[in-house]
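User: I should like to learn how to read the features of a structural model, one at a time. Please give the general idea, and then the case at hand.

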Amino acid sequence: MKDFTKHLNDEEYRVTQQHGTEPAFSGAYWDKKDAGTYSCICCDTELFSSDKKYESHSGWPAFYQPISEDIVATTVDNSFSMVRTEVHCSNCNAHLGHVFPDGPEPTGLRYCVNSASLNFKKNMNKC
């Protein structure tokens, strides 16, 4: 099996491999507004598009829908005496964050994702 973690720094490893969470308002992408695509920091699979990103005021990047339902997987997370739904990359199983049922329409979902689990690729559309 391929090791997708060799290039990660300590924080990226802690978040994606040890199910960590970066502090609110500390990540690189929580307030990013550029058009582009967010991919998994471990395996480079495209996960979220900026056109599905919104300001949730939570301090983490928030999306109401992934690029494809097959690209992210969920598991039940019972840590910290809470029941949450963990989101991870379907390709490499990297922890991304959590999904909550308090997002905007049309899905009503809020994918609350750690910046440390993502890479951003700016759209380079030319006229």
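User: Is Lys52 buried, partly exposed or exposed, and which residue does Lys52 pair with in a salt bridge?

Analyst: This is a predicted model, and the values are computed from it. Accessibility is read against two limits: under 20% is buried, over 50% is exposed, and what lies in between is partly exposed. Lys52 has a relative accessible area of 23%, so it is partly exposed. Lys52 forms a salt bridge with Asp51, and their closest N and O atoms are 3.9 Å apart. Asp51 is exposed, because its relative accessible area is 51%.

User: What is the general idea behind such pairs, and how many salt bridges does the count come to?

Analyst: Side chains of opposite charge can pair when their charged atoms come close. Here the count comes to five salt bridges. One of them joins the side chains of Lys32 and Asp34, at 3.2 Å from N to O. Lys32 is partly exposed at 24%, and Asp34 is partly exposed at 31%. In another, the side chains of Asp44 and Lys121 meet at 2.9 Å, N to O. That pair links distant parts of the chain, 77 residues apart: Asp44 lies in the loop between β1 (36–40) and β2 (46–49), and Lys121 in strand β9 (residues 118–122). Asp44 has 39% relative accessibility and counts as partly exposed; Lys121, at 33%, also counts as partly exposed.

User: Which residues does Tyr64 touch, and where does Tyr64 lie?

Analyst: The reading begins with the position in the chain and then turns to the surroundings. Tyr64 belongs to the loop between β4 (62–63) and β5 (72–77). Leaving aside residues up to four places away in sequence, Tyr64 touches Asp51, Lys52, Tyr54, Pro104, Pro106, Thr107, Leu109 and Tyr111. Both partners of the salt bridge between Asp51 and Lys52 are therefore among the contacts of Tyr64, and Tyr64 itself is buried, with a relative accessible area of 17%. Tyr54 is ten residues from Tyr64 along the chain, and their C-alpha atoms are separated by 7.5 Å.

User: How many disulfides does a search of the whole structure find, and why is there no bond between Cys43 and Cys89?

Analyst: The test is one of distance: two cysteine sulfur atoms have to lie within 2.5 Å. The search finds zero disulfides. The cysteine sulfur closest to that of Cys43 is in Cys89, at 3.6 Å, which is too far for a bond. For Cys112 the closest cysteine sulfur is in Cys40, 17 Å away, also too far. Both Cys43, at 16% relative accessibility, and Cys112, at 10%, count as buried.

User: In what order do the strands of the open sheet run, and which are the edge strands?

Analyst: A sheet is read from strand to neighbouring strand. Six strands form the open sheet, in the order β3-β4-β8-β7-β6-β5, with antiparallel pairing. The edge strands, β3 (53–54) and β5, each pair on one side only.

User: How many bridges join β5 to β6, and how many join β6 to β7?

Analyst: Six bridges join the antiparallel strands β5 and β6, with Ala73 opposite His88 in β6. Four bridges join β6 to β7, again antiparallel, and there Glu86 has His98 in β7 as its bridge partner. The strands β6 and β7 form a hairpin with five residues between them, and Asn93 in the turn has a positive phi of about 70 degrees. Strand β6 (residues 84–89) is mostly covered, with five of its six residues buried. On the other side of β7 (residues 95–100), strand β8 (residues 110–113) pairs with it over four bridges in the antiparallel sense; Gly97 stands opposite Val113 in β8.

User: How compact is the protein as a whole, and what is its secondary structure?

Analyst: The protein has one helix and nine strands, and the helix comes before the strands when the elements are followed from the N terminus. Its radius of gyration is 14 Å, close to the 14 Å that the globule rule gives for 127 residues, so the protein is as compact as a globular protein of that length. The C-alpha trace spans about 50 × 35 × 30 Å along its principal axes. Buried residues make up 45% of the 127 residues. Of the contacts with a separation of 6 or more, 53% are between residues 24 or more positions apart.

Conventions
Residues numbered from 1 in each chain as written. Predicted model: local features only at pLDDT ≥ 70, side-chain atom pairs only at ≥ 80, totals over all residues. Heavy atoms only, no water. Helix = DSSP H or I, 4+ residues; strand = E, 2+ residues; numbered from the N terminus. Buried < 20%, exposed > 50% of the residue type's maximum accessible area, 1.4 Å probe, protein only. Contact = heavy atoms within 4.5 Å. Pairing = 2+ DSSP bridges. Salt bridge = Lys/Arg side-chain N within 4 Å of Asp/Glu carboxyl O. Rg over C-alpha atoms; globule rule 2.2 N^0.38 Å.
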